Amino acid sequence: MLSFVLENVKDTKLLAETLAGHLGEGDLVILSGELGTGKTVFARALLGCLGVNEVVTSPTFVLVKSYQGRLFVDHVDIYRVDDPEELYVLSIEELLEDGHIVVIEWGERALGLFGSSYVQISFERLDTEVSLEDEISGDAKRFVTVEIVGPRFRDRRGQMEADMYKIWNVA
Ligand SMILES: Nc1ncnc2c1ncn2[C@@H]1O[C@H](COP(=O)(O)OP(=O)(O)O)[C@@H](O)[C@H]1O
Ligand SMILES: [Mg+2]
């Protein structure tokens, strides 16, 4: 597991860009962290780097939004899903099998449901003293952890971690 301090939104986007360069068909990305910690900011940047040119909006109410960039990418938000059974209705397993990249906000709730390979990124607020203006403008720090798990990533994991290390000093 890697952990970093992201100084601001620019760093968060840089992490997304770094990850995007390593993702391929059928990969699952799980985004965790409390409300307002940056999951959607990260997802939007990730989708942009995967070639999605449309405006990416938060899928909190629609649960799944599908895009086509250089690959098919589905942006999922399961904040409102209480019952894990409901997740089956979203057919995430099928999307992955069809070669889509699936990015799930609040995805820790789905851990283990969609195979054993995933990249999990967790965001935490670091600074309790930060002003509201800095928070809103994207100038607040986040503590982030990255876990790259499972056989799908066996051959990529080392390079993925190395690229992330290149950008940050490990916290
Ligand atoms: N380092 C940072 N990384 C990401 N977002 C940040 C950061 N600092 C401040 N923010 C702000 O935090 C908010 C994150 O919102 P959002 O991505 O919608 O959260 P979530 O999807 O986790 O609920 C945005 O208003 C963004 O400007
Ligand atoms: Mg969100």
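## A seven-stranded sheet, its helices and a ligand

In this predicted model, strands β2 and β5 run side by side in the parallel sense and are joined over four bridges. One of the residue pairs that link them is Ile30 with its bridge partner Ile104 in β5. These two strands are a useful place to begin, since much of what follows can be described by moving outward from them.

### The sheet

How many strands form the sheet, and in what order do they lie? Seven strands form an open sheet in the order β1-β7-β6-β2-β5-β4-β3, and the pairing within this sheet is mixed. The edge strands, each of which pairs on one side only, are β1 (2–6) and β3 (64–68). Neighbouring strands of the sheet are turned against each other by 15° on average, when direction is ignored.

The table below sets out four of the strand pairings, each with one residue pair taken from it.

| Strands | Sense | Bridges | A residue pair |
|---|---|---|---|
| β2 and β5 | parallel | four | Ile30 and Ile104 |
| β2 and β6 | parallel | four | Leu31 and Ile121 |
| β4 and β5 | parallel | five | Val73 and Ile101 |
| β3 and β4 | antiparallel | five | Gln68 and Phe72 |

### Two enclosed strands

Strand β5 is largely enclosed by the rest of the structure, because five of its five residues are buried. In a regular strand the side chains alternate between the two faces of the sheet. In β5, Ile101, Val103 and Glu105 lie on one side while Val102 and Ile104 lie on the other, and all of them are buried, so that both faces of the strand are covered.

Strand β2 is likewise mostly covered, with five of its five residues buried. Leu28, Ile30 and Ser32 point one way from β2, whereas Val29 and Leu31 point the other way, and all of these residues are buried.

### Helices against the sheet

Helix α2 packs on the sheet, where it touches β2 (28–32), β3, β4, β5 (101–105) and β6 (118–125), and its direction makes about 165° with that of β5. Which residues of α2 are buried? They are Lys39, Phe42, Ala43, Ala45, Leu46 and Leu47, and these buried residues pack against α1 as well as against β2, β3, β4, β5 and β6.

Another helix, α6 (residues 157–167), lies across β1 and β7 (142–149), and runs at about 165° to β7.

### The nonpolar core

The largest nonpolar core has 35 residues, and those with the most contacts inside it are Leu31, Leu46, Val102, Val103 and Ile104. Two or more residues of this core come from each of α1, β2, α2, β4, α4 (92–97), β5, β6 and β7. Which element gives the most to the core? It is α2, with five residues.

Val103 shows how several elements can meet at one residue. If its neighbours within four places in sequence are left aside, Val103 is in contact with Val29, Leu31, Ala43, Leu46, Val73, His75 and Val76. Among these partners, Ala43 and Leu46 are buried residues of α2, and Val29 and Leu31 are buried residues of β2 that point the same way from that strand.

### After helix α2

Helix α2 is followed by Gly51, whose phi is positive and near 90°. Asn53 is found in the loop between α2 and β3. Is Asn53 buried or exposed? Asn53 counts as exposed, because it has 10 C-beta neighbours inside 10 Å. Although Asn53 and Gly69 are 16 residues apart along the chain, their C-alpha atoms are separated by 7.1 Å.

### Around ligand 1

The shell around ligand 1 consists of 18 residues, of which the closest are Thr12, Gly38, Lys39, Thr40 and Ala140. At least two residues of this shell are supplied by each of α1 (9–20), α2 (39–49) and α5 (132–137), and the largest share, three residues, comes from α2. By class, the shell holds six nonpolar, eight polar and four charged residues.

Helix α2 therefore appears in several parts of this description, because the same element that gives the most residues to the core also supplies the largest share of the shell around ligand 1.

Technical notes. Residues numbered from 1 in each chain as written. Chains lettered and ligands numbered in written order. Predicted model: local features only at pLDDT ≥ 70, side-chain atom pairs only at ≥ 80, totals over all residues. Near = placed C-beta within 6 Å. Nonpolar A, V, L, I, M, F, W, Y, C, P; charged D, E, K, R; others polar. Pairing = 2+ DSSP bridges. Axes fitted to C-alpha atoms, helices over the stretch in contact; angles between N-to-C directions. Contact = placed C-beta atoms within 7 Å. Core = buried A, V, L, I, M, F, W, Y, C linked by C-beta atoms within 7 Å. Buried ≥ 20, exposed ≤ 12 C-beta atoms within 10 Å, placed from the backbone.
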